[in-house]
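Me: I should like to go through this entry by question and answer. Please give the cut-off for each term as it arises.

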Amino acid sequence: MAKEKKSPRPKAQTPKGFRDYFGPEVTERAEMLQIIAGVYHQYGFEALESAAVETVEALGKFLPDVDRPNEGVFAWQDEDDGWMALRYDLTAPLARVYAQHRNELPLPYRRYAMGPVWRNEKPGPGRYRQFYQCDADTVGAASVAADAEICAMLSDTLEKVGIPRGDYLIRVNNRKVLNGVLETMGLSDDAQRDAVLRTIDKFDKVGEAGVRELLGKGRLDASGAFIDGVGLAEEQIDLAVGFVTARRENDTKTLERLGELIGESDVGHEGIGELMEICDLVSSLGYDDDQIIVDPSVVRGLGYYTGPVYEAELTFEIFDEKGRKRQFGSVAGGGRYDDLVKRFTGQAVPATGVSIGVDRLLAALREKGRIGGAVQGPVVVTVMDRYRMADYQAMVADLRNAGLRAEVYLGNPKNFGNQLKYADKRGSPVAVIEGGDEKERGVVQIKDLILGAKLAADASLEEWKDHPSQYEVPRGDLVAKVREILDLHK
């Protein structure tokens, strides 16, 4: 009889393009999201949690490849042969939610949403297929006052989470101005317009020379592969590059330069008027040009933007993986998308909103040293007698009721040294010890693990005696002494 072949064990590894997040990272993200939610709530926005799965039809033409719905998103067919997909962003689901529930929702509808999104794209360094976004949108407000408010709220959010003024800029542009430039260039074909949009959106990555090549005949990329260009004439390229480089020393002169570029285009002049209004509004709210500016280089690649667009750029320098200095770059972006809900209702519904890249913002806070330091673990109550577990749980209850983070060691208590090793691995500041002798005398031993580690590292014998790291206190003083030690190490 042939021996039955065993199935191979599965490999313990994350799927390509995904990663696991452990305690400190999860805690840091949760704390940051709580701060952001507080700002959004203060501005009057309401929380919304929509489904992680949408129909491909609802996600619609804004997928990277509409002819193959499983490209760009994680999609599958259900039992009715309909296509469903994990949400690609938080904006398309909002359009579906508003269209579905518009009779019950106030108008304008102001909502914020936070959560993971999924993109079936090629992963790379720091680029994952699942990541967090944090959005705020106003649906049903045609006034650019809604756009100005989003920009002000974004500025407040960055400062509230720990990005100081001077380390960021909210850069604002308007798609109508760009449409005016495209009109002046003589471009009417939608495919060619979209190609120009995608190309000039790469200005930060490839620079002016690279954009000129890509708008023309094409260029060689870093790998040596040739990328076909859009095929514009030289004078058309000059207009496009003139647009993205139109930023001057202040907003007034920038708007004047844009007026020169758009010529007689009505839609272009409408966009300039909206930018002027946004400038006036944010100024009246108390924001200066070191916080919010007009910058024509902001294009935003998505095709559904119809008016003002904006990005939050962090301006401080970091070192890349090759040791080169570079600016941190964008952590948030958004704009006006007045036609997105129309796909469902047939009626135009104005909308504007912003999306914060949560992982990017967390990385920025780590670069600034605002988060990512040593994370303090819980107080560990050690177990000297497994039959007295109720006594140890009572200690933990006292500590927790006082608002302190604490746990009882629940492993094998036979080796006391392993309990201290556990506390060290957890980053615990304090260990509580109560053996049979301490129990009889009504006392507990409290070991200051932080001070003990410092003394063990570099203290002399005399210093060790002068600065003991373990204290004996009455059982009734347990909470007070632990709190005293924790306060000492804040």
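**Strands, a buried threonine and the cysteines**

Me: Over how many bridges do β17 and strand β18 (residues 470-474) pair in the antiparallel sense?

Reply: This is a predicted model, in which local features need pLDDT of at least 70 and side-chain atom pairs pLDDT 80 or more, while totals for chains, interfaces and linings use all residues. Residues are numbered from 1 along each chain as its sequence is written, and side-chain values use heavy atoms, without hydrogens and water. Strands are DSSP runs of E of at least two residues, helices runs of H or I of at least four, numbered from the N terminus, and two strands pair if DSSP finds at least two bridges between them. For β17 and β18, the antiparallel pairing has K447 bridged to Q470, and the number of bridges is five.

Me: Which residue of β17 is the bridge partner of V432?

Reply: Strand β16 (residues 430-433) runs antiparallel to β17 and is joined to it by four bridges. In β17, the partner of V432 is I446.

Me: How many of the six residues of β17 are buried?

Reply: Buried means under 20% relative accessible area, exposed over 50% and partly exposed in between, with a 1.4 Å probe and protein chains only. Strand β17 (residues 443-448) is mostly covered, and its buried residues number five.

Me: Which backbone oxygen does the side chain of T382 reach?

Reply: T382 lies in the loop between β14 (379-381) and α13 (389-401), and its 0% relative accessibility means that T382 counts as buried. Beyond neighbours within four places in sequence, T382 has contacts (heavy atoms within 4.5 Å) with Y392, F416, Q419, A431, V432 and I433. At 2.7 Å, the side chain of T382 reaches the backbone oxygen of V432.

Me: Why is C134 not bonded to C151, and how far apart are their sulfurs?

Reply: A disulfide requires two cysteine sulfur atoms within 2.5 Å, and the structure holds zero disulfides. C279 is likewise in no disulfide, the nearest cysteine sulfur, that of C151, being 9.6 Å away. C134 is buried because its relative accessibility is 0%. The sulfur of C151 is the closest cysteine sulfur to that of C134, yet too far for a bond, because the distance is 16 Å.

Me: How far apart are the C-alpha centres of domain 1 and domain 2?

Reply: Domain bounds come from an automatic or database domain assignment. The protein is divided into domain 1 (24-52 + 87-185 + 232-367) and domain 2 (379-488). The C-alpha centres of domain 1 and domain 2 are separated by 50 Å.

Terms used:
A polar contact is a pair of N or O atoms within 3.5 Å; within protein, one must be able to donate a hydrogen and the other to accept it, and residues adjacent in sequence count only if both atoms are side-chain atoms.
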